[in-house]
Amino acid sequence: MKMKYMLVPLIMLSAATVPSHWNVRAQEAPRRIEITAKQFSFEPSEITVKKGEPVVLVIKSADVAHGLRFRELNLNVKVDKGGTAEMPFTPDKTGDFVGHCSVFCGSGHGGMTLTMHVVN
Amino acid sequence: MSGILRTTLLLAIAGLVGCKATPPGKFESRMMNFGKHHVFVGNKNQKNPLPDNRNTWNDGKEAFSHYCVACHGMDGQNTGVPFVDHISPPIPSLASKDVQSYTDGQLKSILDNGIWPSGMPGSKGTLSDDELWSIVVFIRHLPPAGSQGVPDLYTH
């Protein structure tokens, strides 16, 4: 009899805690998008992310030092020659945002852009 | 090498040896300045979309250091540029009235397309729009002449 009284709240507690535990795990694993930077383009040159969904842009340099900056979103990351850098963030507004290479990388540097679509 | 080609080359070399760059006279300078401000350089009314603050100035200073310092020096006033006295038309100090009297839009147009007749090249495509606009802010608030030292490329 005592055992039955103990099991009921235990089962209820499990039912209540498991989904919230899953939620926490989901928040801890942001979507990762790999982007290759090379003179003078980003590959892919367009990405789409969701507002409110954490994301990590993983920038890999295939040649010289590069950077990626979204001025409107106050985001900037620099990546060494041949290296990798990460830009973690959570988009908080929808729209199309154009990021530019933020490290001077040669004659075509000014046209090196990445368009990010943030959707609901 | 054919005789005609050899003769042409010799004449070309002789002609170049005889060349000498002399600074333009006052009248010529005034005419050209008037022409540049009122005829050749357009985009008078475009406004700078970037805020005029310390962050933009810092961006402009960095962008300026990639490309512009070779002719204009780190301070925009030709400090440490070894050939500044050997070019005609001369490289202007960016702090001069002639330069500062351009509108922001005209400065952006010069940065985009260069300016004729001078050695100033266009930077559209080489630098992004944001970088070019931030350079306009840097030009509006140049550091004191000589305060930034000599460009690295002339110190080695």
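**Exercise 1. Determine whether the length of helix 7 of chain B agrees with the expected rise per residue.**

Solution. In this predicted model, helix 7 of chain B contains twelve residues. At 1.5 Å a residue, a span of 16 Å is expected. From the first C-alpha to the last, helix 7 of chain B reaches 17 Å, which is close to that value.

The same reasoning applies to helix 2 of chain B, which comprises residues 26–40. Its 15 residues should span 21 Å at 1.5 Å a residue, and the end C-alpha atoms are 19 Å apart, which agrees.

**Exercise 2. Establish how far helix 7 and helix 2 of chain B are covered.**

Solution. Begin with helix 7 of chain B: ten of its twelve residues are buried, so that this helix is mostly covered. The buried residues include the charged pair D130(B) and E131(B). The others are L132(B), W133(B), S134(B), I135(B), V136(B), V137(B), F138(B) and I139(B).

Next, identify what covers them. The buried residues of helix 7 of chain B pack against helix 3 and helix 6 of chain B, together with strand 8 (95–100) of chain A.

Finally, turn to helix 2 of chain B. The count of buried residues among its 15 residues is zero, and this helix is hardly covered.

**Exercise 3. Describe how helix 3 and helix 7 of chain B are arranged relative to each other.**

Solution. Two packed helices are described by the angle between their axes and the distance between the axes.

Step one concerns distance and angle. The axes of helix 3 (residues 54–67) and helix 7 (residues 129–140) of chain B come within 7 Å and cross at roughly 105°.

Step two classifies the angle. Angles of 65 to 115 degrees count as roughly perpendicular, and helix 3 and helix 7 of chain B are therefore roughly perpendicular to each other.

Step three lists the residues that meet. Helix 3 of chain B contributes T56(B), W57(B), D59(B), G60(B), K61(B), A63(B) and F64(B). Helix 7 of chain B contributes E131(B), S134(B), I135(B), V137(B) and F138(B). The residues of this contact divide into six nonpolar, three polar and three charged.

**Exercise 4. Locate the largest nonpolar core and state which elements supply it.**

Solution. The largest nonpolar core has 20 residues, and F64(B), L107(B), I135(B), V136(B) and I139(B) touch the most other members. Helix 3, helix 6 (104–113) and helix 7 of chain B each supply at least two residues of this core. Helix 7 of chain B gives the most, with seven residues. Another core, of 16 residues, lies apart from it and has A37(A), F42(A), C101(A) and C105(A) among its members.

To see one member in detail, take I139(B). Leaving aside residues up to four places away in sequence, I139(B) touches G76(B), L94(B) and L107(B).

**Exercise 5. Contrast the makeup of chain A and chain B, and describe where they touch.**

Solution. Chain B has seven helices and zero strands, whereas chain A has one helix and nine strands. In chain A, the helix stands at the N-terminal start of the order of elements, and the strands follow.

Burial is considered next. Of the 156 residues in chain B, 28% are buried; of the 120 residues of chain A, 22% count as buried.

For contacts with a separation of 6 or more, residues 24 or more positions apart account for 73% in chain B and 64% in chain A.

Lastly, eight residues of chain B are in contact with eight residues of chain A. The side belonging to chain B has one nonpolar, four polar and three charged residues.

Definitions and conventions:
Residues numbered from 1 in each chain as written. Chains lettered and ligands numbered in written order. Predicted model: local features only at pLDDT ≥ 70, side-chain atom pairs only at ≥ 80, totals over all residues. Axes fitted to C-alpha atoms, helices over the stretch in contact; angles between N-to-C directions. Helix = DSSP H or I, 4+ residues; strand = E, 2+ residues; numbered from the N terminus. Parallel < 35°, antiparallel > 145°, perpendicular 65-115°, else oblique. Contact = placed C-beta atoms within 7 Å. Expected span 1.5 Å × (residues − 1). Core = buried A, V, L, I, M, F, W, Y, C linked by C-beta atoms within 7 Å.
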